[in-house]
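Got the viewer open? Load the model, switch on side chains, and follow along from stop to stop.

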Amino acid sequence: MSMKNILNMIAVFSIAATSVVSMTGCGPSAQADYASIGLVPITGTVTLDGQPVEGAVVQFVAPDTTFAYGTTDSEGHYEMKFNSEVMGVPPGEKIVRISTTASTGEVDTEGADDDDDAPRRRKKKTRDPNEKIPAAYNEDSQIKATVSAGQVVYDFALKSDGSAL
């Protein structure tokens, strides 16, 4: 068999394989069954010394370290997201962390600088001087919440001295 015949056979096989793959695709797309999780639509308000906190990231962190998150608006109001596709928080025990310097992990391309979030991805050893929320409510948080359909509003009236809620 000549080299030309071998190359022709390879070309024909490649075209046939590509056609089969393009006709069948990658199979049915996997859709997450969010209904089976029983997400609870959590909302609330964050204030610090009675004033609304804008731009704070609120996280409800599960024992396995997975979390749902929300970001406060100018009135301190937030709505929790399970991920970038659906709203809500899985039921169960959570630690609540609130921070003005944390990242939600979502991509924000508006005015983004590639290095802005680099320090946040590493475990911080020193407190970020731009953090407005006391450590008692974020990295050292003792705020607990038991998420269930029976309670959908969680307001957090934080104090500058970090005293218990």
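**Stop 1: a charged pair**

Select Glu139 and Arg127: their side chains meet in a salt bridge, at 3.3 Å from N to O. The term salt bridge here means a side-chain nitrogen of Lys or Arg within 4 Å of a carboxyl oxygen of Asp or Glu. The pair links distant parts of the chain, 12 residues apart, with Glu139 and Arg127 both placed in the loop between helix H2 (118–121) and strand S7 (144–147). The structure holds one salt bridge, so there is no second one to hunt for under this cut-off.

Before moving on, some ground rules. This is a predicted model, in which local features need pLDDT of at least 70 and side-chain atom pairs count only at pLDDT 80 or more, while totals for chains, interfaces and linings use all residues. Residues are numbered from 1 along each chain as its sequence is written, and side-chain values use heavy atoms, with hydrogens and water left out.

Now colour the pair by accessibility. Buried means under 20% relative accessible area, exposed means over 50%, and partly exposed is in between (1.4 Å probe, protein chains only). Glu139 counts as partly exposed because its relative accessibility is 46%. Arg127 is partly exposed too, at 37%.

Stay in this loop and pick Pro129, which is also found between H2 and S7. Pro129 is exposed because its relative accessible area is 76%. Draw a distance from Pro129 to Thr101: the two are 28 residues apart in sequence and 9.4 Å apart in space, C-alpha to C-alpha.

**Stop 2: zoom out**

Switch to cartoon. The protein chain has two helices and eight strands. Helices (H or I, at least four residues) and strands (E, at least two) are DSSP runs, numbered from the N terminus. Trace the chain from the N terminus and the elements read α-β-β-β-β-β-β-α-β-β. Of the 165 residues, 28% count as buried.

**Stop 3: strand S3 and its two partners**

Select residues 57–61, which make up strand S3. How many of its residues are buried? Five of the five are, so S3 is mostly covered by the under-20% rule. Show the side chains: Val57, Gln59 and Val61 point one way, Val58 and Phe60 point the other way, and all are buried.

Add strand S4 (residues 67–71), which pairs with S3 in the antiparallel sense over five bridges. Two strands count as paired if DSSP finds at least two bridges between them. For one of these contacts, click Val57 and find its bridge partner Thr71 in S4.

Next, add strand S6 (residues 92–99). S6 runs antiparallel to S3, and five bridges join the two. Here Val58 has Ile98 as its bridge partner. Which label fits Ile98, buried or exposed? Ile98 is buried, because its relative accessible area is 0%. While Ile98 is selected, check it against Val57: their C-alpha atoms are separated by 5.6 Å, though the residues lie 41 apart along the chain.

**Stop 4: two positive phi values**

Follow S3 into S4. The strands form a hairpin with five residues between them, and Thr65 sits in the turn. What is the phi of Thr65? It is near 75 degrees, a positive value in a residue other than glycine. Most residues other than glycine have a negative phi. Thr65 counts as exposed because its relative accessibility is 59%.

Now jump to Asp49, in the loop between strand S1 (43–48) and strand S2 (51–52). Asp49 is another non-glycine residue with a positive phi, near 55 degrees. At a relative accessible area of 48%, Asp49 is partly exposed.

**Stop 5: a negative patch**

Finish by selecting Glu54, Asp73, Glu75 and Glu79, which gather in a patch of negative charge on the surface. Patches are made of residues with over 30% relative accessible area and no salt bridge, with like charges joined within 9 Å. Asp and Glu count as negative, and the place of the charge is taken as CG of Asp or CD of Glu. Accessible areas come from the Shrake-Rupley method with a 1.4 Å probe.

Centre on Glu79, which lies in strand S5 (residues 77–79). Glu79 counts as partly exposed because its relative accessibility is 47%.

Conventions: Patches are made of residues with over 30% relative accessible area and no salt bridge: like charges are joined within 9 Å, nonpolar side chains (Val, Leu, Ile, Met, Phe, Trp, Tyr) within 5 Å.
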